[in-house]
Amino acid sequence: MSLISQNPVSRNRVKAKRDDDEPSLHEDSKDIENGLESDSEISRLKKRKKEKEKQIEIEQEKEMKKLENFLFGSIYSPVEFGKEGYENAQDVAEDGSALFFLDSSANNVELSEESDYEEKSKERKAVWVDEEEERTTINIAKVNRLRKLRKEEDESVISGSEYISRLRAQHAKLNPGTEWAELDLALRNNSTYDDESSDEEKVVMEACGYRNVEVDDILRTNEDLVVKSRVKLLPGLLEYSRLVDANAEEPSNGPINSVQFHRNAQLLLAAGLDRRVRFFQIDGKRNTKIQSVFLEDCPVRKASFTPDGSQVIIAGRRKFFYCFDLVKAKVDKIGPLVGREEKSLEVFEVSPDSSTIAFLGNEGYILLVSSKTKELIGTLKMNGTVRSLAFADDGKKLLSSGGDGQVYHWDLRTRTCFHKAVDEGCINGTALCTSPNGRMFAAGSDSGIVNIYNRDEFLGGKRKPIKTIENLTTKVDFMKFNSDAQILAICSTMKKNSLKLIHVPSFTVYSNWPPLNKNLQYPRSLDFSPGAGFMAVGNAAGKVLLYKLHHYNHA
(Lines give C-alpha, C1' and ligand atoms only; values in the text may rest on other atoms or scores of the structure.)
Protein backbone atom coordinates (compact mmCIF):
# COMPACT_ATOMS: atom_id res chain seq x y z
CA MET A 1 0.00 0.00 0.00
CA SER A 2 2.70 2.41 0.86
CA LEU A 3 4.41 1.71 -2.34
CA ILE A 4 1.27 2.52 -4.40
CA SER A 5 0.43 5.61 -2.47
CA GLN A 6 3.86 7.27 -3.03
CA ASN A 7 3.56 10.00 -5.90
CA PRO A 8 1.16 8.18 -8.12
CA VAL A 9 1.25 9.44 -11.87
CA SER A 10 -1.87 9.38 -13.84
CA ARG A 11 -2.12 8.35 -17.51
CA ASN A 12 -3.19 11.83 -18.62
CA ARG A 13 -0.07 13.42 -17.21
CA VAL A 14 2.09 10.87 -18.95
CA LYS A 15 0.39 11.63 -22.27
CA ALA A 16 0.80 15.32 -21.66
CA LYS A 17 4.45 14.86 -20.92
CA ARG A 18 4.87 12.84 -24.10
CA ASP A 19 3.07 15.54 -26.07
CA ASP A 20 5.32 18.20 -24.53
CA ASP A 21 8.50 16.30 -25.35
CA GLU A 22 7.63 15.66 -29.03
CA PRO A 23 7.81 19.32 -30.25
CA SER A 24 11.29 19.82 -28.76
CA LEU A 25 12.51 16.86 -30.77
CA HIS A 26 11.07 18.36 -33.97
CA GLU A 27 12.70 21.71 -33.27
CA ASP A 28 16.06 20.12 -32.77
CA SER A 29 15.77 18.27 -36.04
CA LYS A 30 14.79 21.50 -37.83
CA ASP A 31 17.78 23.35 -36.41
CA ILE A 32 20.08 20.62 -37.64
CA GLU A 33 18.63 20.73 -41.14
CA ASN A 34 18.95 24.57 -41.27
CA GLY A 35 22.61 24.37 -40.25
CA LEU A 36 23.39 21.95 -43.04
CA GLU A 37 21.72 24.15 -45.66
CA SER A 38 23.66 27.30 -44.58
CA ASP A 39 26.98 25.49 -44.83
CA SER A 40 26.24 24.40 -48.39
CA GLU A 41 25.29 27.97 -49.40
CA ILE A 42 28.52 29.36 -47.96
CA SER A 43 30.53 26.85 -49.88
CA ARG A 44 28.68 27.75 -53.06
CA LEU A 45 29.28 31.44 -52.54
CA LYS A 46 32.96 30.82 -51.97
CA LYS A 47 33.14 28.81 -55.15
CA ARG A 48 31.44 31.55 -57.07
CA LYS A 49 33.82 34.16 -55.65
CA LYS A 50 36.78 32.04 -56.59
CA GLU A 51 35.45 31.58 -60.09
CA LYS A 52 34.85 35.30 -60.45
CA GLU A 53 38.33 36.07 -59.16
CA LYS A 54 39.79 33.60 -61.63
CA GLN A 55 37.84 35.18 -64.47
CA ILE A 56 39.00 38.63 -63.42
CA GLU A 57 42.61 37.43 -63.29
CA ILE A 58 42.26 35.81 -66.71
CA GLU A 59 40.79 38.99 -68.18
CA GLN A 60 43.52 41.10 -66.62
CA GLU A 61 46.16 38.77 -68.03
CA LYS A 62 44.55 39.02 -71.47
CA GLU A 63 44.50 42.80 -71.27
CA MET A 64 48.14 42.90 -70.16
CA LYS A 65 49.11 40.62 -73.04
CA LYS A 66 47.21 42.80 -75.49
CA LEU A 67 48.99 45.90 -74.21
CA GLU A 68 52.37 44.15 -74.35
CA ASN A 69 51.71 42.91 -77.87
CA PHE A 70 50.59 46.37 -78.91
CA LEU A 71 53.66 48.06 -77.45
CA PHE A 72 56.39 45.45 -77.92
CA GLY A 73 55.02 43.17 -80.62
CA SER A 74 53.75 39.60 -80.42
CA ILE A 75 55.67 38.16 -77.46
CA TYR A 76 53.49 35.25 -76.44
CA SER A 77 51.90 34.27 -79.74
CA PRO A 78 52.05 35.43 -83.37
CA VAL A 79 49.52 38.00 -84.47
CA GLU A 80 46.41 36.53 -86.07
CA PHE A 81 44.72 39.10 -88.24
CA GLY A 82 40.93 39.20 -87.98
CA LYS A 83 40.63 37.02 -84.90
CA GLU A 84 40.27 39.87 -82.44
CA GLY A 85 37.57 41.48 -84.54
CA TYR A 86 35.71 38.17 -84.70
CA GLU A 87 35.89 37.69 -80.93
CA ASN A 88 34.75 41.26 -80.34
CA ALA A 89 31.84 40.73 -82.69
CA GLN A 90 30.83 37.60 -80.79
CA ASP A 91 30.99 39.46 -77.48
CA VAL A 92 28.85 42.26 -78.84
CA ALA A 93 26.36 39.78 -80.25
CA GLU A 94 26.11 38.01 -76.91
CA ASP A 95 25.42 41.34 -75.20
CA GLY A 96 22.55 41.91 -77.58
CA SER A 97 23.72 45.40 -78.60
CA ALA A 98 24.58 44.53 -82.22
CA LEU A 99 21.07 44.30 -83.60
CA PHE A 100 21.81 45.10 -87.24
CA PHE A 101 22.69 43.45 -90.53
CA LEU A 102 24.51 44.45 -93.73
CA ASP A 103 22.65 44.50 -97.00
CA SER A 104 25.21 43.97 -99.79
CA SER A 105 22.67 44.64 -102.49
CA ALA A 106 22.45 48.30 -101.48
CA ASN A 107 26.22 48.96 -101.80
CA ASN A 108 26.02 50.24 -105.35
CA VAL A 109 23.25 52.69 -104.51
CA GLU A 110 25.09 54.02 -101.47
CA LEU A 111 28.38 54.44 -103.38
CA SER A 112 26.67 56.32 -106.20
CA GLU A 113 24.97 58.66 -103.73
CA GLU A 114 28.27 59.28 -101.95
CA SER A 115 30.08 60.05 -105.21
CA ASP A 116 27.33 62.47 -106.24
CA TYR A 117 27.61 64.18 -102.86
CA GLU A 118 31.37 64.47 -103.17
CA GLU A 119 31.08 65.99 -106.64
CA LYS A 120 28.54 68.50 -105.37
CA SER A 121 30.74 69.36 -102.40
CA LYS A 122 33.71 70.03 -104.69
CA GLU A 123 31.78 72.71 -106.56
CA ARG A 124 32.42 76.20 -105.24
CA LYS A 125 29.24 77.68 -103.77
CA ALA A 126 28.51 81.29 -103.01
CA VAL A 127 28.59 82.20 -99.36
CA TRP A 128 25.54 84.48 -99.67
CA VAL A 129 22.92 84.86 -102.39
CA ASP A 130 20.82 87.99 -102.80
CA GLU A 131 17.26 87.00 -103.71
CA GLU A 132 16.50 90.44 -105.11
CA GLU A 133 18.98 89.96 -107.95
CA GLU A 134 16.56 87.67 -109.77
CA ARG A 135 13.59 89.94 -109.11
CA THR A 136 15.14 93.20 -110.25
CA THR A 137 15.54 94.21 -113.88
CA ILE A 138 17.99 96.76 -115.27
CA ASN A 139 17.68 98.78 -118.47
CA ILE A 140 21.23 98.91 -119.88
CA ALA A 141 20.18 100.93 -122.93
CA LYS A 142 19.32 104.10 -121.03
CA VAL A 143 22.70 104.67 -119.34
CA ASN A 144 25.57 105.41 -121.71
CA ARG A 145 28.25 103.67 -119.68
CA LEU A 146 26.19 100.45 -119.53
CA ARG A 147 25.58 100.17 -123.27
CA LYS A 148 28.87 98.35 -123.65
CA LEU A 149 27.32 95.41 -121.78
CA ARG A 150 24.81 94.74 -124.55
CA LYS A 151 25.21 91.66 -126.73
CA GLU A 152 22.71 92.88 -129.32
CA GLU A 153 21.76 96.38 -130.40
CA ASP A 154 18.07 95.94 -129.54
CA GLU A 155 18.75 94.51 -126.09
CA SER A 156 17.62 96.79 -123.28
CA VAL A 157 16.30 95.06 -120.13
CA ILE A 158 18.19 92.24 -118.41
CA SER A 159 17.87 90.52 -115.05
CA GLY A 160 20.00 91.37 -112.04
CA SER A 161 22.00 88.12 -112.10
CA GLU A 162 22.76 88.54 -115.81
CA TYR A 163 23.83 92.14 -115.16
CA ILE A 164 26.29 90.99 -112.48
CA SER A 165 27.77 88.29 -114.70
CA ARG A 166 28.30 90.76 -117.55
CA LEU A 167 29.97 93.24 -115.19
CA ARG A 168 32.37 90.53 -114.05
CA ALA A 169 33.16 89.62 -117.65
CA GLN A 170 33.84 93.26 -118.46
CA HIS A 171 36.14 93.58 -115.46
CA ALA A 172 38.04 90.47 -116.57
CA LYS A 173 38.53 92.04 -119.99
CA LEU A 174 39.91 95.28 -118.61
CA ASN A 175 42.05 93.65 -115.87
CA PRO A 176 43.35 90.34 -117.22
CA GLY A 177 46.44 90.37 -115.00
CA THR A 178 44.48 89.69 -111.84
CA GLU A 179 43.40 86.25 -113.02
CA TRP A 180 46.66 84.61 -111.88
CA ALA A 181 45.17 84.63 -108.37
CA GLU A 182 42.21 82.44 -109.33
CA LEU A 183 42.30 79.13 -107.46
CA ASP A 184 40.61 77.11 -110.19
CA LEU A 185 41.32 78.24 -113.74
CA ALA A 186 39.21 75.42 -115.19
CA LEU A 187 36.01 76.91 -113.76
CA ARG A 188 36.62 80.03 -115.83
CA ASN A 189 35.83 78.14 -119.04
CA ASN A 190 32.56 76.81 -117.56
CA SER A 191 31.39 80.18 -116.25
CA THR A 192 28.33 82.10 -117.36
CA TYR A 193 30.38 84.48 -119.48
CA ASP A 194 29.57 84.64 -123.16
CA ASP A 195 31.74 82.84 -125.69
CA GLU A 196 33.21 86.01 -127.18
CA SER A 197 34.35 87.41 -123.85
CA SER A 198 35.90 84.11 -122.77
CA ASP A 199 37.91 83.88 -126.01
CA GLU A 200 39.16 87.43 -125.58
CA GLU A 201 40.14 86.69 -122.01
CA LYS A 202 42.18 83.66 -123.09
CA VAL A 203 44.07 85.74 -125.65
CA VAL A 204 44.85 88.43 -123.09
CA MET A 205 45.91 85.85 -120.50
CA GLU A 206 48.32 84.21 -122.94
CA ALA A 207 49.70 87.62 -123.97
CA CYS A 208 50.38 88.52 -120.33
CA GLY A 209 52.30 85.31 -119.71
CA TYR A 210 49.78 83.57 -117.46
CA ARG A 211 49.29 80.54 -119.67
CA ASN A 212 49.63 77.16 -117.94
CA VAL A 213 50.48 78.80 -114.62
CA GLU A 214 49.29 77.05 -111.47
CA VAL A 215 48.99 78.68 -108.08
CA ASP A 216 50.44 75.58 -106.42
CA ASP A 217 53.69 76.01 -108.36
CA ILE A 218 53.97 79.57 -107.09
CA LEU A 219 53.26 78.61 -103.49
CA ARG A 220 55.78 75.74 -103.50
CA THR A 221 58.76 78.08 -103.88
CA ASN A 222 60.14 80.94 -101.81
CA GLU A 223 61.77 82.73 -104.72
CA ASP A 224 60.91 86.29 -105.62
CA LEU A 225 57.83 86.54 -107.82
CA VAL A 226 59.11 89.81 -109.30
CA VAL A 227 62.70 89.54 -110.54
CA LYS A 228 64.48 92.79 -111.24
CA SER A 229 66.06 93.20 -114.62
CA ARG A 230 69.79 92.50 -114.72
CA VAL A 231 70.22 94.07 -118.14
CA LYS A 232 69.89 97.77 -117.43
CA LEU A 233 71.14 99.60 -114.37
CA LEU A 234 69.51 102.98 -113.88
CA PRO A 235 71.60 106.12 -113.25
CA GLY A 236 71.03 108.81 -110.64
CA LEU A 237 70.66 106.97 -107.33
CA LEU A 238 72.29 103.66 -106.51
CA GLU A 239 70.25 101.22 -104.42
CA TYR A 240 72.54 99.64 -101.82
CA SER A 241 72.64 98.67 -98.16
CA ARG A 242 75.44 98.34 -95.63
CA LEU A 243 76.11 94.83 -94.31
CA VAL A 244 78.29 93.49 -91.52
CA ASP A 245 81.96 94.24 -92.13
CA ALA A 246 83.65 91.47 -94.06
CA ASN A 247 86.47 91.20 -91.50
CA ALA A 248 84.31 91.88 -88.43
CA GLU A 249 85.52 88.67 -86.75
CA GLU A 250 89.17 89.74 -87.01
CA PRO A 251 89.91 93.32 -88.11
CA SER A 252 93.38 94.19 -89.31
CA ASN A 253 95.90 96.12 -87.23
CA GLY A 254 97.08 98.05 -90.27
CA PRO A 255 95.73 99.46 -93.54
CA ILE A 256 93.99 97.04 -95.90
CA ASN A 257 95.94 97.20 -99.17
CA SER A 258 94.19 94.37 -101.01
CA VAL A 259 90.64 93.07 -101.10
CA GLN A 260 89.46 90.47 -103.63
CA PHE A 261 86.66 87.96 -104.07
CA HIS A 262 87.32 84.40 -105.13
CA ARG A 263 85.68 83.20 -108.34
CA ASN A 264 83.09 81.24 -106.28
CA ALA A 265 81.89 84.56 -104.74
CA GLN A 266 81.94 83.09 -101.22
CA LEU A 267 85.61 83.54 -100.31
CA LEU A 268 87.21 86.93 -99.72
CA LEU A 269 90.84 87.72 -99.00
CA ALA A 270 91.97 90.79 -97.09
CA ALA A 271 95.65 91.64 -96.76
CA GLY A 272 97.58 94.61 -95.40
CA LEU A 273 100.62 95.96 -93.71
CA ASP A 274 100.14 93.80 -90.60
CA ARG A 275 101.73 90.97 -92.67
CA ARG A 276 98.61 88.80 -92.54
CA VAL A 277 96.42 87.47 -95.33
CA ARG A 278 92.98 86.57 -93.98
CA PHE A 279 90.26 84.58 -95.71
CA PHE A 280 86.58 85.07 -94.91
CA GLN A 281 83.42 83.27 -96.00
CA ILE A 282 81.06 86.02 -97.12
CA ASP A 283 77.34 85.61 -96.43
CA GLY A 284 76.47 89.18 -95.41
CA LYS A 285 75.45 88.15 -91.87
CA ARG A 286 78.37 86.58 -90.01
CA ASN A 287 81.25 86.55 -92.55
CA THR A 288 83.07 83.72 -90.81
CA LYS A 289 86.86 83.76 -90.78
CA ILE A 290 88.30 80.65 -92.41
CA GLN A 291 92.07 81.01 -92.27
CA SER A 292 94.91 83.45 -91.68
CA VAL A 293 98.42 83.34 -93.16
CA PHE A 294 101.24 85.22 -91.43
CA LEU A 295 104.34 86.35 -93.36
CA GLU A 296 107.17 87.37 -91.06
CA ASP A 297 109.31 89.32 -93.52
CA CYS A 298 106.77 90.82 -95.94
CA PRO A 299 104.26 93.59 -95.18
CA VAL A 300 101.68 92.94 -97.89
CA ARG A 301 101.27 95.63 -100.54
CA LYS A 302 99.17 93.51 -102.87
CA ALA A 303 97.59 90.04 -102.80
CA SER A 304 95.54 88.55 -105.61
CA PHE A 305 93.83 85.28 -106.51
CA THR A 306 94.81 83.73 -109.79
CA PRO A 307 91.71 83.68 -112.05
CA ASP A 308 91.51 79.89 -111.87
CA GLY A 309 91.21 80.21 -108.07
CA SER A 310 93.99 77.78 -107.16
CA GLN A 311 96.68 80.18 -105.88
CA VAL A 312 97.22 83.53 -104.20
CA ILE A 313 100.11 85.75 -105.27
CA ILE A 314 101.38 87.92 -102.39
CA ALA A 315 103.92 90.72 -102.83
CA GLY A 316 105.45 93.66 -100.94
CA ARG A 317 108.42 95.97 -101.12
CA ARG A 318 110.79 93.03 -101.34
CA LYS A 319 112.93 91.35 -103.99
CA PHE A 320 110.82 88.22 -103.64
CA PHE A 321 107.14 87.34 -103.52
CA TYR A 322 105.04 84.55 -102.05
CA CYS A 323 102.68 82.02 -103.57
CA PHE A 324 100.00 80.44 -101.37
CA ASP A 325 98.51 77.21 -102.71
CA LEU A 326 94.84 77.05 -101.67
CA VAL A 327 94.56 73.32 -102.31
CA LYS A 328 97.65 72.23 -100.39
CA ALA A 329 97.52 75.15 -97.90
CA LYS A 330 101.23 75.68 -98.50
CA VAL A 331 103.22 78.95 -98.76
CA ASP A 332 106.21 79.14 -101.14
CA LYS A 333 108.77 81.92 -101.20
CA ILE A 334 109.87 82.81 -104.72
CA GLY A 335 112.71 85.05 -105.86
CA PRO A 336 114.69 87.13 -106.35
CA LEU A 337 114.17 86.80 -110.08
CA VAL A 338 117.21 85.62 -111.98
CA GLY A 339 119.02 88.45 -113.79
CA ARG A 340 116.99 91.26 -112.24
CA GLU A 341 117.92 93.78 -109.58
CA GLU A 342 114.47 95.13 -108.66
CA LYS A 343 114.16 95.86 -104.97
CA SER A 344 110.38 95.87 -105.01
CA LEU A 345 107.80 93.65 -106.72
CA GLU A 346 104.83 95.24 -104.97
CA VAL A 347 102.75 96.01 -108.09
CA PHE A 348 101.66 93.19 -110.41
CA GLU A 349 98.75 91.87 -112.47
CA VAL A 350 97.71 88.30 -113.25
CA SER A 351 96.50 87.45 -116.75
CA PRO A 352 92.87 86.24 -117.12
CA ASP A 353 94.06 82.84 -118.34
CA SER A 354 96.24 82.45 -115.20
CA SER A 355 99.33 81.79 -117.32
CA THR A 356 101.35 84.98 -116.77
CA ILE A 357 102.14 87.35 -113.92
CA ALA A 358 103.33 90.82 -114.96
CA PHE A 359 105.43 92.78 -112.41
CA LEU A 360 106.49 96.42 -112.56
CA GLY A 361 110.24 96.71 -112.89
CA ASN A 362 112.83 99.45 -112.86
CA GLU A 363 113.43 101.94 -115.68
CA GLY A 364 110.24 101.11 -117.61
CA TYR A 365 110.68 97.34 -117.65
CA ILE A 366 107.73 94.97 -117.35
CA LEU A 367 108.69 91.56 -115.99
CA LEU A 368 106.73 88.55 -117.29
CA VAL A 369 106.75 85.54 -114.95
CA SER A 370 105.19 82.14 -115.61
CA SER A 371 102.51 81.30 -113.07
CA LYS A 372 103.40 77.60 -113.29
CA THR A 373 107.17 77.62 -112.97
CA LYS A 374 107.42 81.04 -111.24
CA GLU A 375 110.38 81.87 -113.48
CA LEU A 376 111.08 84.95 -115.57
CA ILE A 377 110.03 84.24 -119.16
CA GLY A 378 110.43 87.69 -120.75
CA THR A 379 110.52 91.47 -120.38
CA LEU A 380 108.89 94.45 -122.05
CA LYS A 381 110.46 97.97 -122.18
CA MET A 382 108.65 101.32 -122.12
CA ASN A 383 110.19 104.69 -122.91
CA GLY A 384 109.31 106.13 -119.50
CA THR A 385 108.74 104.65 -116.10
CA VAL A 386 105.94 102.13 -115.76
CA ARG A 387 103.21 102.83 -113.18
CA SER A 388 100.24 100.63 -114.04
CA LEU A 389 99.25 97.50 -116.00
CA ALA A 390 96.03 95.94 -117.30
CA PHE A 391 95.40 92.75 -119.32
CA ALA A 392 92.95 92.47 -122.22
CA ASP A 393 91.70 89.86 -124.71
CA ASP A 394 91.98 86.93 -122.25
CA GLY A 395 95.62 87.65 -121.49
CA LYS A 396 96.83 87.99 -125.08
CA LYS A 397 97.19 91.76 -124.87
CA LEU A 398 98.67 93.98 -122.17
CA LEU A 399 98.15 97.71 -121.55
CA SER A 400 100.65 99.85 -119.66
CA SER A 401 101.07 103.51 -118.76
CA GLY A 402 103.57 105.55 -116.80
CA GLY A 403 105.70 108.65 -116.58
CA ASP A 404 105.56 109.62 -120.25
CA GLY A 405 101.74 110.02 -120.26
CA GLN A 406 101.23 107.45 -123.00
CA VAL A 407 99.21 104.23 -123.13
CA TYR A 408 101.03 101.22 -124.61
CA HIS A 409 99.39 98.15 -126.14
CA TRP A 410 101.49 94.99 -126.12
CA ASP A 411 101.04 91.68 -127.92
CA LEU A 412 102.26 89.04 -125.50
CA ARG A 413 102.56 86.38 -128.20
CA THR A 414 105.24 88.36 -130.04
CA ARG A 415 106.15 90.53 -127.02
CA THR A 416 106.08 93.67 -129.09
CA CYS A 417 104.29 97.02 -128.76
CA PHE A 418 101.80 97.34 -131.61
CA HIS A 419 100.22 100.66 -130.52
CA LYS A 420 101.19 103.70 -128.50
CA ALA A 421 99.23 106.90 -127.97
CA VAL A 422 99.05 109.83 -125.57
CA ASP A 423 96.35 109.86 -122.92
CA GLU A 424 94.58 113.18 -123.36
CA GLY A 425 95.54 115.71 -120.69
CA CYS A 426 97.76 113.24 -118.84
CA ILE A 427 101.31 113.94 -117.72
CA ASN A 428 101.87 110.96 -115.45
CA GLY A 429 99.62 107.91 -115.76
CA THR A 430 98.94 106.24 -112.44
CA ALA A 431 96.12 103.72 -113.04
CA LEU A 432 94.69 101.54 -115.81
CA CYS A 433 91.62 99.32 -115.96
CA THR A 434 89.93 97.38 -118.77
CA SER A 435 86.31 96.24 -118.91
CA PRO A 436 85.64 92.47 -118.71
CA ASN A 437 84.67 92.32 -122.39
CA GLY A 438 87.71 94.40 -123.42
CA ARG A 439 85.74 97.05 -125.30
CA MET A 440 86.57 99.93 -122.98
CA PHE A 441 89.46 100.96 -120.80
CA ALA A 442 89.91 103.74 -118.26
CA ALA A 443 93.13 105.67 -117.67
CA GLY A 444 93.80 107.70 -114.50
CA SER A 445 96.46 110.27 -113.86
CA ASP A 446 98.11 112.00 -110.92
CA SER A 447 95.85 115.04 -111.39
CA GLY A 448 92.71 113.05 -110.52
CA ILE A 449 91.29 112.98 -114.07
CA VAL A 450 89.96 109.70 -115.44
CA ASN A 451 89.52 109.24 -119.19
CA ILE A 452 87.26 106.48 -120.50
CA TYR A 453 88.07 105.24 -124.01
CA ASN A 454 86.54 102.92 -126.55
CA ARG A 455 89.43 100.57 -127.15
CA ASP A 456 88.73 99.88 -130.82
CA GLU A 457 88.43 103.59 -131.57
CA PHE A 458 91.60 104.32 -129.60
CA LEU A 459 93.52 101.71 -131.59
CA GLY A 460 91.99 103.09 -134.78
CA GLY A 461 93.51 106.52 -134.21
CA LYS A 462 90.82 108.39 -132.28
CA ARG A 463 92.55 110.03 -129.35
CA LYS A 464 89.60 111.76 -127.73
CA PRO A 465 88.03 109.86 -124.81
CA ILE A 466 84.33 109.01 -124.65
CA LYS A 467 84.06 110.69 -121.28
CA THR A 468 86.34 112.53 -118.89
CA ILE A 469 85.59 112.17 -115.17
CA GLU A 470 86.81 115.07 -113.03
CA ASN A 471 85.27 114.21 -109.68
CA LEU A 472 88.58 113.38 -107.99
CA THR A 473 91.09 116.09 -107.11
CA THR A 474 94.03 113.92 -106.04
CA LYS A 475 96.03 111.12 -107.66
CA VAL A 476 93.99 108.20 -108.96
CA ASP A 477 95.36 105.08 -107.27
CA PHE A 478 93.08 102.32 -108.53
CA MET A 479 90.01 101.67 -110.67
CA LYS A 480 87.72 98.69 -111.12
CA PHE A 481 84.88 97.70 -113.48
CA ASN A 482 82.19 95.37 -112.17
CA SER A 483 81.34 92.11 -113.94
CA ASP A 484 78.87 93.57 -116.48
CA ALA A 485 80.81 96.83 -116.93
CA GLN A 486 77.89 99.02 -115.83
CA ILE A 487 79.73 100.41 -112.78
CA LEU A 488 83.23 101.85 -112.66
CA ALA A 489 84.79 102.56 -109.26
CA ILE A 490 87.59 105.14 -109.08
CA CYS A 491 89.51 105.90 -105.92
CA SER A 492 92.25 108.03 -104.46
CA THR A 493 93.98 106.99 -101.23
CA MET A 494 95.16 110.53 -100.40
CA LYS A 495 91.80 111.93 -99.29
CA LYS A 496 88.96 110.75 -97.08
CA ASN A 497 85.86 109.39 -98.80
CA SER A 498 87.46 109.90 -102.22
CA LEU A 499 85.70 106.91 -103.77
CA LYS A 500 83.28 107.48 -106.65
CA LEU A 501 80.99 105.09 -108.49
CA ILE A 502 80.27 105.88 -112.15
CA HIS A 503 77.26 104.66 -114.12
CA VAL A 504 79.06 103.63 -117.30
CA PRO A 505 76.14 103.62 -119.82
CA SER A 506 75.34 107.27 -119.03
CA PHE A 507 78.85 108.23 -117.78
CA THR A 508 77.38 109.94 -114.73
CA VAL A 509 78.45 109.73 -111.11
CA TYR A 510 76.01 108.37 -108.54
CA SER A 511 74.98 111.27 -106.35
CA ASN A 512 74.24 109.18 -103.24
CA TRP A 513 77.72 107.65 -103.11
CA PRO A 514 79.72 107.83 -100.94
CA PRO A 515 77.10 107.84 -98.18
CA LEU A 516 76.84 111.19 -96.43
CA ASN A 517 76.45 109.91 -92.87
CA LYS A 518 79.01 107.11 -93.19
CA ASN A 519 82.75 107.67 -93.17
CA LEU A 520 84.77 105.50 -95.52
CA GLN A 521 88.01 106.79 -93.96
CA TYR A 522 90.88 106.58 -96.46
CA PRO A 523 89.86 103.91 -98.99
CA ARG A 524 92.78 101.83 -100.21
CA SER A 525 91.25 98.90 -102.11
CA LEU A 526 87.99 97.78 -103.64
CA ASP A 527 86.50 94.78 -105.39
CA PHE A 528 83.15 93.60 -106.75
CA SER A 529 81.94 90.03 -106.36
CA PRO A 530 81.70 87.93 -109.57
CA GLY A 531 77.93 88.47 -109.74
CA ALA A 532 78.30 92.15 -108.72
CA GLY A 533 75.92 91.66 -105.78
CA PHE A 534 78.58 92.53 -103.16
CA MET A 535 81.09 95.37 -103.03
CA ALA A 536 83.97 95.28 -100.54
CA VAL A 537 86.01 98.38 -99.63
CA GLY A 538 89.22 98.17 -97.59
CA ASN A 539 90.33 101.31 -95.77
CA ALA A 540 93.31 102.56 -93.81
CA ALA A 541 91.57 101.84 -90.49
CA GLY A 542 91.92 98.08 -91.00
CA LYS A 543 88.25 97.44 -91.85
CA VAL A 544 86.68 95.87 -94.92
CA LEU A 545 83.30 97.53 -95.48
CA LEU A 546 80.74 95.31 -97.20
CA TYR A 547 77.81 96.61 -99.26
CA LYS A 548 74.93 94.90 -101.04
CA LEU A 549 73.95 96.28 -104.46
CA HIS A 550 70.22 95.65 -104.80
CA HIS A 551 70.09 95.71 -108.59
CA TYR A 552 72.04 92.45 -108.77
CA ASN A 553 70.42 89.26 -107.56
CA HIS A 554 73.52 87.10 -107.16
CA ALA A 555 76.84 87.58 -105.42
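Where is the place of Pro 336? I looked this up before anything else, and I found Pro 336 in the loop between strand 11 (330-334) and strand 12 (348-350). I note here that the model is a predicted one.

**Entry 1: cis peptide bonds**

I examined the bond that leads into this proline. The peptide bond from Gly 335 to Pro 336 is cis, and its omega is near -5 degrees. I recorded a cis bond from Trp 513 to Pro 514 as well, with omega near 0 degrees. Pro 514 belongs to the loop between strand 27 (508-509) and strand 28.

**Entry 2: the chain as a whole**

I turned to the overall counts. The protein chain holds 10 helices and 30 strands. It has 555 residues, and 35% of them count as buried. I then looked up contacts between residues at least 6 apart in sequence, and 46% of these join residues at least 24 apart. For the accessible surface of the chain I noted about 35,200 Å², with 49% of it belonging to carbon and sulfur atoms.

**Entry 3: nonpolar cores**

Which residues have the most contacts inside the largest nonpolar core? I listed Ile 487, Leu 499, Leu 501, Trp 513, Leu 526, Phe 528 and Met 535, in a core of 20 residues. Two or more residues of this core come from each of strand 25 (487-491), strand 26 (499-503), strand 28 (523-528), strand 29 (534-539) and strand 30 (544-549). Another core lies apart from it and has 17 residues, including Cys 433, Val 450, Leu 472 and Phe 481. I set a general remark beside this: in soluble globular proteins, nonpolar side chains tend to be buried together.

I followed Ile 487 further. Setting aside residues up to four places away in sequence, Ile 487 touches Leu 233, Leu 238, Lys 480, Phe 481, Asn 482, Leu 501, Ile 502, Val 504, Phe 528, Leu 549 and Tyr 552.

**Entry 4: Leu 233**

Leu 233 appeared among the contacts of Ile 487, and I looked it up in turn. Leu 233 sits in the loop between helix 9 (215-219) and strand 3 (240-242). Is Leu 233 buried or exposed? Leu 233 counts as buried because its relative accessible area is 5%, under the 20% limit. Beyond its neighbours within four places in sequence, Leu 233 is in contact with Gln 486, Ile 487, His 503, Tyr 510, His 551 and Tyr 552. For the pair Leu 233 and Tyr 552, I noted a separation of 319 residues in sequence and a C-alpha to C-alpha distance of 9.1 Å.

**Entry 5: Ser 435**

I next examined a polar residue. Ser 435 lies in the loop between strand 20 (429-434) and strand 21 (440-445). Its relative accessibility is 4%, so Ser 435 counts as buried. Which side chain does the side chain of Ser 435 join in a polar contact of 2.7 Å? I found that the partner is Asn 437. The side chain of Ser 435 also reaches the backbone nitrogen of Arg 439, at 3.3 Å. When residues up to four places away in sequence are left out, Ser 435 touches Met 440, Phe 481 and Ala 485.

**Entry 6: cysteines**

How many disulfides does a search of the whole structure find? I recorded 0 disulfides. I then checked the burial of two cysteines. Cys 323 has a relative accessible area of 5% and is therefore buried. Cys 433 is at 9% relative accessibility, so it counts as buried.

**Entry 7: helix 6**

Helix 6 (residues 160-174) has 15 residues. From its first C-alpha to its last it reaches 21 Å, close to the 21 Å expected at 1.5 Å a residue. I listed the buried residues of helix 6 as Gly 160, Tyr 163, Ser 165, Arg 166, Ala 169, Gln 170 and Ala 172.

**Entry 8: positive phi angles**

I closed with two residues that have a positive phi without being glycine. Arg 275 has a phi of about 65 degrees, and it is found in the loop between strand 5 (267-272) and strand 6 (276-281). Arg 275 is partly exposed, because its relative accessible area is 33%, between the limits of 20% and 50%. Asp 394 has a phi near 55 degrees, and its place is in the loop between strand 16 (386-392) and strand 17 (397-402). With a relative accessibility of 59%, which is over 50%, Asp 394 counts as exposed.

How values were computed:
Residues are numbered from 1 along each chain as its sequence is written. This is a predicted model: local features need pLDDT of at least 70, side-chain atom pairs count only at pLDDT 80 or more; totals for chains, interfaces and linings use all residues. Side-chain values use heavy atoms; hydrogens and water are left out. A nonpolar core is a set of buried Ala, Val, Leu, Ile, Met, Phe, Trp, Tyr and Cys residues joined through side-chain atoms within 4.5 Å. Buried means under 20% relative accessible area, exposed over 50%, partly exposed in between (1.4 Å probe, protein chains only). Helices (H or I, at least four residues) and strands (E, at least two) are DSSP runs, numbered from the N terminus. Contact means heavy atoms within 4.5 Å. The expected span of a helix is 1.5 Å times one less than its number of residues. A disulfide is a pair of cysteine sulfur atoms within 2.5 Å. Accessible areas come from the Shrake-Rupley method with a 1.4 Å probe; for residues, only the protein chains shown count as cover. A polar contact is a pair of N or O atoms within 3.5 Å; within protein, one must be able to donate a hydrogen and the other to accept it, and residues adjacent in sequence count only if both atoms are side-chain atoms.
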